[in-house]
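Biologist: Thanks for sitting down with me over this one. Could you put the model on the screen, and then we can go through it together?

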Amino acid sequence: MPVCQTDLLHPSAASERRKHKKKRLVQSPNSYFLDVKCAACANVTTIFSHASTVVLCTSCNSVLCQPTGGRAQLTQGCAFRKKPDF
């Protein structure tokens, strides 16, 4: 009789991150919100990590991110931080 080498009730954090969002022990999304600082005017804008449209800075109209197939690609020089989950 084979013995299971991993604990199914208490999986490691690394193995949970690799799994699909619906196959995790506790389902959680892969997307999040970001605070992005514009490289030109230092204005902070909140954007979605998987934005499907081009996001422009509200004050100087420079491009902050471009959509790709999945996650949005930030423009070179933009600083960002992930917003905390609540």
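Biologist: How many helices and strands does the secondary structure of the protein chain come to?
Modeller: Keep in mind that this is a predicted model. From the N terminus on, the elements run α-β-β-β-β-β-β. The secondary structure therefore comes to one helix and six strands, taking DSSP runs as the elements.

Biologist: What radius of gyration does the protein chain have, next to that of a compact globule of 86 residues?
Modeller: Start with the box that the C-alpha atoms fill along the principal axes, which is roughly 65 × 25 × 20 Å. A compact globule of 86 residues would have a radius of gyration near 12 Å, but for the protein chain the value is 18 Å.

Biologist: What share of the 86 residues counts as buried?
Modeller: The cut-off for buried is under 20% relative accessible area. Of the 86 residues of the protein chain, the share that counts as buried is 21%.

Biologist: Which strands each supply at least two residues of the largest nonpolar core?
Modeller: That core has 12 residues, among them Tyr32, Leu34, Val36, Ile47, Leu64 and Cys78. Those that each supply at least two of its residues are strand 1 (33-37) and strand 4 (63-66).

Biologist: Why does leucine 34 count as buried?
Modeller: Leucine 34 has its place in strand 1. Not counting residues up to four places away in sequence, leucine 34 touches Thr45, Thr46, Ile47, Ser49, Phe80, Arg81, Lys82 and Lys83. Leucine 34 counts as buried because the cut-off is under 20% and its relative accessibility is 7%.

Biologist: How many Å separate the C-alpha atoms of leucine 34 and phenylalanine 48?
Modeller: Along the chain, leucine 34 and phenylalanine 48 are 14 residues apart. In space, their C-alpha atoms are separated by 6.1 Å.

Biologist: With which residues is cysteine 78 in contact, leaving aside its neighbours within four places in sequence?
Modeller: Cysteine 78 belongs to the largest nonpolar core, and so do Val36 and Leu64. Both Val36 and Leu64 turn up again among its contacts. The full list is Val36, Lys37, Ala39 and Leu64.

Biologist: Now a question for a chemist: how many residues of the lining of the largest pocket are charged?
Modeller: The largest pocket has a volume of about 250 Å³. Its lining includes Glu16, Arg17, Arg24, Arg71, Lys82 and Asp85, along with residues such as Ser28, Pro29 and Tyr32. Two residues of the lining are nonpolar and three are polar, while the number of charged ones is six.

How values were computed. Residues numbered from 1 in each chain as written. Predicted model: local features only at pLDDT ≥ 70, side-chain atom pairs only at ≥ 80, totals over all residues. Heavy atoms only, no water. 1 Å grid on protein atoms, 1.4 Å probe; cavity = no way out; pocket = protein on both sides within 12 Å on 5 of 7 lines; lining within 4 Å. Points joined across faces, edges and corners; volume = space filled by probe spheres on them. Nonpolar A, V, L, I, M, F, W, Y, C, P; charged D, E, K, R; others polar. Core = buried A, V, L, I, M, F, W, Y, C linked by side-chain atoms within 4.5 Å. Buried < 20%, exposed > 50% of the residue type's maximum accessible area, 1.4 Å probe, protein only. Helix = DSSP H or I, 4+ residues; strand = E, 2+ residues; numbered from the N terminus. Contact = heavy atoms within 4.5 Å. Rg over C-alpha atoms; globule rule 2.2 N^0.38 Å.
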